[in-house]
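Student: I should like to learn how to read a protein model feature by feature. May we begin with the overall architecture and then proceed to individual residues?

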Amino acid sequence: MAAKPDLLQGTLDLLILKTLRLESSHGWGISQRIQQMSADVLAVNQGSLYPALTRLEEAGLITAEWGTSENNRRARFYSITKKGLKQLDTETANWQAMVAAINRIVDAV
């Protein structure tokens, strides 16, 4: 089995925003959802996730509030903001353009 690839620089923010667009969640839930949605190809470690969540919160793209997780532990639950939704749309369009350009190169004869 091949090793799981590291996330490209900047893609973690896109994945977090996309995950939070589906539903609010705590950090561990976000990482689990990304892993699940990628069919276990992508794994986000805490050393990358929590600094990204802090950065997104400071930028006003997400908000956080304390709550209780499903296993009765205190956790911060993150939600996407209107500004975050706009950023998600922009980042999604940029990602799709980049993937299309890479595919043109990879598929070239």
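Tutor: We may, bearing in mind that this is a predicted model. A sensible beginning is the inventory of secondary structure: the protein has four helices and three strands.

Student: In what order do the elements of the protein run from the N terminus on?

Tutor: The order is α-β-α-α-β-β-α. As for dimensions, the C-alpha trace spans about 55 × 35 × 20 Å along its principal axes.

Student: How should I read the sheet, and what is the order of its strands?

Tutor: One reads a sheet by noting the strand order and then the sense of pairing. Here the three strands form an open sheet in the order S1-S3-S2, with antiparallel pairing. Strand S1 (25-26) and strand S2 (62-68) are the edge strands, each pairing on one side only. Between S1 and strand S3 (residues 74-80) there are two bridges, in the antiparallel sense.

Student: Which residue in S3 does Ser25 stand opposite?

Tutor: Ser25 stands opposite Tyr78.

Student: Let us turn to the interior. What fraction of the 109 residues counts as buried?

Tutor: Of the 109 residues, 29% count as buried. The next step is to ask which nonpolar side chains join one another. The largest nonpolar core has 18 residues, and Ile16, Leu17, Leu20, Ile30, Leu53 and Ile62 touch the most other members. At least two residues of this core come from each of H1, helix H2 (27-37), H3 and S3. The largest share, five residues, is supplied by H1.

Student: Which residues is Leu17 in contact with, leaving aside its neighbours within four places in sequence?

Tutor: Leu17 is in contact with Leu56, Leu61, Ile62, Ile80, Gly84, Gln87, Leu88 and Glu91. For the chain as a whole, one may consider contacts between residues at least 6 apart in sequence: 52% of these join residues at least 24 apart.

Student: Is a polar residue such as Ser31 buried or exposed?

Tutor: The relative accessible area decides the matter. Ser31, in helix H2, has a value of 9% and is therefore buried, the limit being under 20%. Not counting residues up to four places away in sequence, Ser31 touches Val44 and Leu49.

Student: And how does Ala39 count, buried or exposed?

Tutor: Ala39 is found in the loop between H2 and H3. Its relative accessibility is 59%, so Ala39 counts as exposed, a class that requires over 50%.

Student: Let us consider charged side chains. Why might two of them pair?

Tutor: Side chains of opposite charge can pair when their charged atoms come close. A search of the whole structure finds four salt bridges. In one of them, the side chains of Arg55 and Asp13 meet at 2.6 Å, N to O. This pair links distant parts of the chain, since Arg55 belongs to helix H3 (residues 46-58) and Asp13 to helix H1 (residues 11-22), 42 residues apart. Asp13 counts as buried at 14% relative accessibility, whereas Arg55 counts as partly exposed at 43%.

Student: At what distance do the side chains of Asp89 and Arg21 meet?

Tutor: Asp89 and Arg21 form a salt bridge at 3.4 Å, N to O. Because Asp89 lies in helix H4 and Arg21 in helix H1, the pair ties together parts that are 68 residues apart in sequence. Asp89 is partly exposed at 45%, and Arg21 is partly exposed at 43%.

Student: Which elements does the salt bridge of Arg76 and Glu57 tie together?

Tutor: Their side chains meet at 3.0 Å, N to O. Arg76 lies in strand S3 and Glu57 in helix H3, so the pair ties together parts 19 residues apart in sequence. Arg76 has a relative accessible area of 28% and is partly exposed; Glu57 is likewise partly exposed, with 28%.

Student: Finally, how should I read the surface?

Tutor: One begins with the total and then seeks patches. The accessible surface comes to about 7,500 Å², of which 53% belongs to carbon and sulfur atoms. Met98, Ile102 and Val106 form a nonpolar patch on the surface, with about 280 Å² of accessible area together. Val106, in helix H4 (residues 82-106), is exposed, with a relative accessible area of 59%.

Definitions and conventions: Residues numbered from 1 in each chain as written. Predicted model: local features only at pLDDT ≥ 70, side-chain atom pairs only at ≥ 80, totals over all residues. Heavy atoms only, no water. Pairing = 2+ DSSP bridges. Patch = residues over 30% accessible without salt bridge, like charges linked within 9 Å, V, L, I, M, F, W, Y side chains within 5 Å. Areas by Shrake-Rupley, 256 points an atom, 1.4 Å probe, with all protein chains shown as cover. Buried < 20%, exposed > 50% of the residue type's maximum accessible area, 1.4 Å probe, protein only. Core = buried A, V, L, I, M, F, W, Y, C linked by side-chain atoms within 4.5 Å. Contact = heavy atoms within 4.5 Å.
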